[in-house]
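Visitor: Could you walk me through this protein and explain the reason behind each label you use?

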Amino acid sequence: ARRIKRNKAFRKRVLFYRQAFGFREPHRVLIDGTFIHAALMAHVRIKDQLRVICGKKYTPMITQCAVQELRNMGKDFWGDLAIAKEFYRIKCGHMSRQWDASLPALECCKKIIGETNDKKYFVATQDMELRAHCRKIAGVPVICLRQQVPFLEAPSKASLGHHERREKRKVAPQNWEREKVPALQPDVQEAAEEVVWKKKKKSKAPNPNSFKRSKKVRKTPVK
């Protein structure tokens with residue numbers, strides 16, 4: 001029952017990002033080395049679990065810098081590197097001809113996401129700094145591992161505020177409407193007053209139930 005409730009909440013959150021920020025399938029999931037390592041330690045199959053959150057159509061992705069960072073960590077992270085090679089490789093452009101000359105995965109992911117997340121990435125990470133950075137940007141869904149279970153965080157305040165402002169702009173009158181509305185207000189008010197004066201109160205028939213019969217008994221005269 002708990003799993004069903006959790007998955008239902010995930011679907012609602014994904015629907016929010018679709019409606020508010022235009023996310024479309026196949027969803028792009030940007031994964032870093034910290035998420036891969038945590039999933040490997042918890043024996044979590046990343047592709048199977050992400051399918052529960054993002055749906056059947058999604059693409060797991062990783063940047064060149066993140067792959068190189070795992071490679072530089074040595075033999076202890078060869079398992080992480082093998083998993084990372086199964087994902088789509090994003091050509092971030094930060095790599096030079098020298099393999100050691102690359103950005104840290106954290107900085108690379110920040111640059112890939114940008115200021116507005118134009119590519120509509122889901123970000124799967126265990127890095128607290130990267131998660132905090134993503135929450136400050138409107139329209140960045142964050143996925144992390146909680147108790148060996150991938151978890152889609154609730155929309156951040158930045159995402160909710162952006163959506164609320166957008167909805168208010170839809171309802172607000174346009175510039176050309178603002179120019180005409182004040183001019184029409186006096187006419188509308190006069191017309192409304194005329195309608196009120198023309199209304200006549202209709203005489204209603206008395207309610208027969210409102211009349212109560214007299215309870216006094218008439219005395220017959222004694223002869």
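Guide: Gladly! Let us begin with a definition: a disulfide is a pair of cysteine sulfur atoms within 2.5 Å. By this rule the count here is zero disulfides. This is a predicted model, where local features need pLDDT of at least 70 and side-chain atom pairs count only at pLDDT 80 or more, while totals for chains, interfaces and linings use all residues. Residues are numbered from 1 along each chain as its sequence is written, and side-chain values use heavy atoms, with hydrogens and water left out.

Visitor: Why is there no bond between the sulfur of Cys65 and the closest cysteine sulfur, in Cys92?

Guide: The two sulfurs are 3.6 Å apart, and the rule asks for a pair within 2.5 Å. Therefore they are too far apart for a bond.

Visitor: What makes Cys65 count as buried?

Guide: Buried means under 20% relative accessible area (exposed is over 50%, partly exposed in between, with a 1.4 Å probe and protein chains only). Cys65 has 0% relative accessibility, so it counts as buried. Cys92, at 14%, counts as buried too.

Visitor: How do you know that strand 2 and strand 3 pair?

Guide: Strands are DSSP runs of E, at least two residues, numbered from the N terminus. Two of them pair if DSSP finds at least two bridges between them. Strand 2 (residues 58–63) and strand 3 have three bridges, in the parallel sense, so the rule of at least two is met. Met61 has Tyr88 of strand 3 as its bridge partner, and Ile62 stands opposite Arg89 in strand 3. Strand 1 (residues 27–31) also runs parallel to strand 2, joined by four bridges, and Leu30 stands opposite Met61 there.

Visitor: Why is strand 2 described as largely enclosed?

Guide: Five of its six residues are buried, so the rest of the structure largely encloses strand 2.

Visitor: What makes strand 3 and strand 6 edge strands?

Guide: The open sheet has six strands in the order 3-2-1-4-5-6, with mixed pairing. Strand 3 (88–90) and strand 6 (149–152) each have a single partner strand, so one side of each lacks a neighbour in the sheet.

Visitor: What makes the lining of the largest cavity six nonpolar, one polar and two charged?

Guide: Ala, Val, Leu, Ile, Met, Phe, Trp, Tyr, Cys and Pro count as nonpolar, Asp, Glu, Lys and Arg as charged, and the others, Gly among them, as polar. The lining includes Tyr17, Cys134, Arg135, Glu153 and Ser156. By that rule Tyr17 and Cys134 are nonpolar, Arg135 and Glu153 charged, and Ser156 polar. A cavity is a set of points on a 1 Å grid over the protein atoms alone where a 1.4 Å probe fits but cannot get out, and lining residues have an atom within 4 Å of a point.

Conventions: 1 Å grid on protein atoms, 1.4 Å probe; cavity = no way out; pocket = protein on both sides within 12 Å on 5 of 7 lines; lining within 4 Å.
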